[in-house]
Amino acid sequence: MSDETERPGAAAWVPEYDDREQGAAPGGGAAPEGGAAPEGGAAPEGGAAPAGDAAPASAPASVAALRAAAPACRGCELQQHATQVVFSAGAQTATLMLVGEQPGDREDLEGRPFVGPAGRLLADAVTKAGIDRGALYVTNAVKHFRFEERGPRRIHKTPAVGHVVACHPWLEAEVDAIAPQVILCLGATAARSVLGRTASVTRERGQLLQAPDVAARLGRDVKVLLTTHPSAVLRLRGEPTFDDAFAALVADLRLAASHLR
Ligand code: URA
């Protein structure tokens, strides 16, 4: 989803992840014994395991451990050009997981997801939907910014399926760690990773979607829904269709929250 129309600057709006509460090594350092990196997730260049190949862990790694391990990931080439890995925001106790596409320019610089203009729009929509930000865990299907340079500008480039597949073990491990009640996919790339198939926002938004792999991993049903990516709404700013597109995003957030127990 293009961030070309984004303006810089939005404060973090999902409560900062507190490693101290969640058992991370002091200083955010080493992964726990056995390694927190999901199989394939921190493989040598070109050596990522295909989606679904991650070995079932005896106990899920904590988000803190995953976060600490992620900078070592060499599962694809995106890490060579990005400033840093952008992991997630939100608490391990969150019940509603929002999955985006990939960090944008701002997120790449700050190291936090959804802190650019699309994030500000998403934050506004979450507020309008009446959702408690403390209930949210926010992450991306791909954890590095993919872009092309045009002069001094870095222009967003949609991640290829290979990037989504290479990064999938991380998302899978996050789902295991959070065990959310509801996952809301923001756009088709997120849906591709969560559902393991191509999905259409136009045709499938508002429906409860089958995610058998997720259900099998968690041993229970997880409600998965799909909505438009906030960047797509952002691009309509100034157009007559903007208000309706924003209202539809708010309605989908409300629908997702209505499935929380
Ligand atoms: N778009 C995304 O999908 N994720 C972010 O973190 C920022 C913009």
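The buried residues of helix α3 pack against two other helices, α8 (230-234) and α9 (242-258), where a residue is called buried if 20 or more other C-beta atoms lie within 10 Å of its own, exposed if 12 or fewer do, and partly exposed in between, with C-beta atoms placed from the backbone. The model is a predicted one, in which local features need pLDDT of at least 70 and side-chain atom pairs count only at pLDDT 80 or more, whereas totals for chains, interfaces and linings use all residues. Residues are numbered from 1 along each chain as its sequence is written. Helices (H or I, at least four residues) and strands (E, at least two) are DSSP runs, numbered from the N terminus.

Helix α3 is mostly covered, with nine of its twelve residues buried, namely P117, A118, G119, R120, L121, L122, A123, A125 and V126. Its length was also examined, the expected span of a helix being 1.5 Å times one less than its number of residues. For the twelve residues of α3 (residues 117-128) a span of 16 Å is expected, and the 17 Å between the end C-alpha atoms agrees with this. Just after α3, G130 takes a positive phi of about 75°.

Most residues other than glycine have a negative phi. F114, which is not a glycine, nevertheless has a positive phi of about 55°, and this residue is placed in the loop between α2 (105-110) and α3. F114 counts as buried because it has 30 C-beta neighbours inside 10 Å. A179 is likewise a residue other than glycine with a positive phi, near 45°, and lies in the loop between α4 and β6; A179, however, counts as partly exposed, because it has 19 C-beta neighbours inside 10 Å.

F114 also belongs to the surroundings of the ligand, since 14 residues surround the ligand and the closest are G100, E101, G104, P113 and F114; a residue is counted here if its C-beta atom, placed from the backbone, lies within 6 Å of the molecule. By class, this shell has five nonpolar, seven polar and two charged residues, where Ala, Val, Leu, Ile, Met, Phe, Trp, Tyr, Cys and Pro count as nonpolar, Asp, Glu, Lys and Arg as charged, and the others, Gly among them, as polar.

Strand β6 (residues 182-186) is largely enclosed by the rest of the structure, because five of its five residues are buried. V182, L184 and L186 point one way from β6, while I183 and C185 point the other way. Strand β6 pairs in the parallel sense with strand β2 (residues 96-100) over four bridges, pairing being assigned if DSSP finds at least two bridges between two strands, and V99 stands opposite C185 in this arrangement. Five bridges join β6 to strand β7 (residues 223-227), again in parallel, and here V182 stands opposite K223.

The largest nonpolar core, a set of buried Ala, Val, Leu, Ile, Met, Phe, Trp, Tyr and Cys residues joined through C-beta atoms within 7 Å, has 74 residues, and those with the most contacts inside it are L66, L96, V99, L184, C185 and V194. Helix α4 (residues 161-178) gives the most to this core, with ten residues. Two residues are in contact if their C-beta atoms, placed from the backbone, lie within 7 Å, and L184 touches L96, L98, L225, T227, L253 and A256, not counting residues up to four places away in sequence.
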